[in-house]
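Thanks for asking me to look this structure over with you. Keep the viewer open as you read, and find each residue as we come to it.

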Amino acid sequence: MLVNLHISNIALIDELDIDFSEGLNILTGETGAGKSIIIGSIGIGLGGRFDKSLLRDETKDGMVELLFNVDEIMVEKLRKLEIEAGDGEVLISRRLAGNRTINRINNMTVTASVLKEAAGLLINLHAQHEQRTLLKPEMHMELLDSSDEKLASIKEEVRKLYNEHKDVVEKLESMQADEAERAKKLDFISYEINEIEQANLKQGEDDDLEIQFKKGSNAREIAEVTQEVYSITGYDDGRSAGNQLSRAVRDIQSLPKLDEDSAQLSEMLSEIDSLLSDFNKQLKDYMSESEFSEEELTEIEARLNLINSLKVKYGRTIDDIKNTLKELKEEQEELLSYDETIFKLSGKESELNDKMLSVAAKLTKARHSAADKLCKAISKSMMELNFNRVDFSMHFEELEKCTSGGKDKAVFYISTNIGEDPGPLNEIASGGELSRVLLSIKSAISEKGGTPTLIFDEIDSGISGVTAQKVGKMMKKLSGSHQIIAITHLPQIAAEADTAFVIEKTVDTGRTYTNIRSLTMDERVTEIARLLGGENITDSVISAAREMVGIE
């Protein structure tokens with residue numbers, strides 16, 4: 001469930017913390033008090049639009065944080081998204097810093113898509129506009145599919161087969177282009193294969209050539225440095241270190257005859273002479289290896305240019321180029337064995353099409369079964385919401401071609417009046433009926449599991465009286481298995497709250513602020529009385545409010 005909502009520097013909010021409880025959380029307040037800001041902030045936390053226009057002070061960061069408590073089942077679901085919540089807590093955080101939005105879950109930075117997917121597991125937000133989605137027939141199938149987890153796996157199988165089939169069809173169409181185009185393509189592929197093969201690339205040669213080219217380009221400077229060092233340390237010049245050291249060795253060899261303790265000094269100097277001699281030999285070899293002619297350097301440069309030009313065309317590395325060569329040869333083989341390839345592809349297309357249609361038929365059957373159960377559950381919920389008569393069903397049509405979602409087109413049909421035939425929901429239901437139908441659908445789907453927290457922004461649109469009371473009872477019932485957070489203007493719904501909040505707009509030092517606070521029982525009575533009687537709160541209105549919340 002959603003434990004805490006923290007909002008900072010958004011619209012009329014400076015800093016706000018809201019602690020929610022289990023069960024039914026009801027938010028009320030005057031029109032314009034800022035209820036939409038609270039719901040909008042939750043929407044931001046769930047991955048909605050977040051830009052500078054929403055900030056109270058553009059010089060400061062904006063922040064929304066949602067803290068959830070989750071059970072072991074949800075921990076496992078989140079783990080599949082590589083989100084760890086081993087301690088049973090999930091903190092979703094979105095910060096707008098400058099023009100950059102930073103998304104974090106449990107202090108781990110995540111992409112917006114991962115945040116939305118995780119948030120979708122934890123919370124379902126019904127905004128004021130959502131009932132309009134019921135006016136879109138294409139959404140009815142989505143609602144049906146979301147009502148039954150078994151449909152998801154079958155639907156995914158259809159999607160995979162559809163994409164495989166589509167790829168094969170596109171390849172067939174490409175292969176079946178006119179003969180001249182195919183010959184042109186074959187010529188071009190053959191040219192590319194020949195270009196790569198003629199290069200006779202060897203693994204790692206580009207790195208070796210780069211080293212040689214750098215060395216050759218610096219050959220003159222290298223020669224100057226090594227020649228200078230060799231003249232200083234060698235044996236060719238009487239003043240060089242080698243000659244001087246050799247003379248010192250000869251001189252010191254007579255010392256042990258005069259003093260036996262000096263033998264070690266003679267040995268050390270001999271070792272130094274030997275080391276310097278070895279150094280000069282290696283330096284001489286290095287000087288020979290570092291000699292480059294202009295022709296050698298030109299050849300190295302030409303080879304590097306060839307390799308780099310192939311990298312531009314066929315891949316960033318020699319391995320990539322070789323993999324491209326392999327793919328080109330496979331494509332060349334397909335074009336050369338055109339008839340055989342077409343035959344194989346046609347067989348594969350037919351096989352995939354049969355599999356896809358078979359699984360699509362399985363999906364259709366499963367959808368019909370799920371639709372019967374869902375519509376019965378929705379009808380039952382609707383009867384509890386003061387519909388005198390309910391005929392709610394789903395009508396299916398078979399599409400001409402299979403899509404990634406199967407071969408079905410499905411639309412909800414409804415009739416709520418005796419003597420009227422059922423018709424498409426988007427053509428029959430009124431605004432008040434749509435809000436109740438949506439609540440019935442949410443209730444029916446939620447009974448099968450789904451997100452643990454449901455948020456309703458003015459689900460009471462277009463209803464009043466007994467119907468409002470029925471809606472309140474339905475939400476109370478639904479809160480037994482889900483945490484419900486709802487904004488309402490109706491006292492009949494507000495009276496059912498387990499925890500009540502009031503959203504208020506205040507003015508302090510010339511600035512307007514939106515705040516929210518939880519209500520005591522006496523304050524709840526006063527708030528419900530306000531919803532009942534407006535500004536004219538009489539004793540009788542207070543009495544009615546007390547009765548509604550169950551205070552004698």
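The numbered points below go through the strands, the salt bridges and the surface patches.

1. Before we begin, please remember that this is a predicted model. That is worth keeping in mind at each point.

2. Let us start with the open sheet. Six strands build it, paired in an antiparallel way and ordered 2-1-4-5-6-7. Its edges are strand 2 (13-19) and strand 7 (108-109), each of which pairs on one side only. Try tracing the order in the viewer.

3. Now look at one edge of that sheet. Strand 6 (residues 100-105) and strand 7 run antiparallel and are joined by two bridges. To find the place, look for R104, which stands opposite T109 in strand 7.

4. A second strand pair is worth a visit. Strand 9 (residues 391-403) and strand 10 (residues 406-415) are also antiparallel, with nine bridges joining them. How many residues does the hairpin from strand 9 to strand 10 pass through? The hairpin uses two residues. You can locate this spot from T403, which stands opposite G406 in strand 10.

5. Next, see how residues separated in sequence can come together in space. T364 sits in helix 14 (residues 338-383). T364 and D408 are 44 residues apart in sequence, yet their C-alpha atoms are 6.6 Å apart. Is T364 buried or exposed? T364 counts as buried because its relative accessible area is 19%, and the cut-off for buried is under 20%.

6. On to charges. The whole structure contains 26 salt bridges. One of them joins R367 to D145, with 2.9 Å between the closest N and O atoms. This pair links distant parts of the chain: R367 belongs to helix 14 and D145 to helix 4 (residues 137-146), and 222 residues separate them. Both R367 and D145 are buried. The two also belong to a network of salt bridges that links E142, D145, K155, R367 and D408. You met D408 in the previous point, as the partner of T364 in the C-alpha distance.

7. Compare that with a salt bridge inside one helix. R159 and E156 form one, their closest N and O atoms being 2.6 Å apart. Why are these two separated by about one helical turn? They lie three residues apart in helix 5, so about one turn separates them. R159 is partly exposed, at 33% relative accessibility, and E156 is partly exposed too, at 32%.

8. Here is one further salt bridge to find. The side chains of K476 and D498 meet at 2.4 Å, N to O. K476 is in helix 17 (residues 465-478), while D498 is in the loop between helix 18 (491-494) and strand 14 (499-508); the two are 22 residues apart. K476 is partly exposed at 28%, and D498 is partly exposed at 39%.

9. Finally, turn to the surface. E164, D167, E170 and E173 make up a negative patch. Among them, E164 is placed in helix 5 (residues 149-175) and counts as partly exposed, with 39% relative accessibility. A nonpolar patch is formed by V225, V229 and F279, whose accessible area together is about 230 Å². V225 is found in helix 8 (residues 219-233). Its relative accessibility is 52%, so V225 counts as exposed, the cut-off being over 50%.

Note on methods
Residues are numbered from 1 along each chain as its sequence is written. This is a predicted model: local features need pLDDT of at least 70, side-chain atom pairs count only at pLDDT 80 or more; totals for chains, interfaces and linings use all residues. Side-chain values use heavy atoms; hydrogens and water are left out. Patches are made of residues with over 30% relative accessible area and no salt bridge: like charges are joined within 9 Å, nonpolar side chains (Val, Leu, Ile, Met, Phe, Trp, Tyr) within 5 Å. Accessible areas come from the Shrake-Rupley method with a 1.4 Å probe; for residues, only the protein chains shown count as cover. A salt bridge is a side-chain nitrogen of Lys or Arg within 4 Å of a carboxyl oxygen of Asp or Glu. Lys and Arg count as positive and Asp and Glu as negative; His and the chain ends are not counted. The place of a charge is taken as NZ of Lys, CZ of Arg, CG of Asp or CD of Glu. Helices (H or I, at least four residues) and strands (E, at least two) are DSSP runs, numbered from the N terminus. Buried means under 20% relative accessible area, exposed over 50%, partly exposed in between (1.4 Å probe, protein chains only). Two strands pair if DSSP finds at least two bridges between them.
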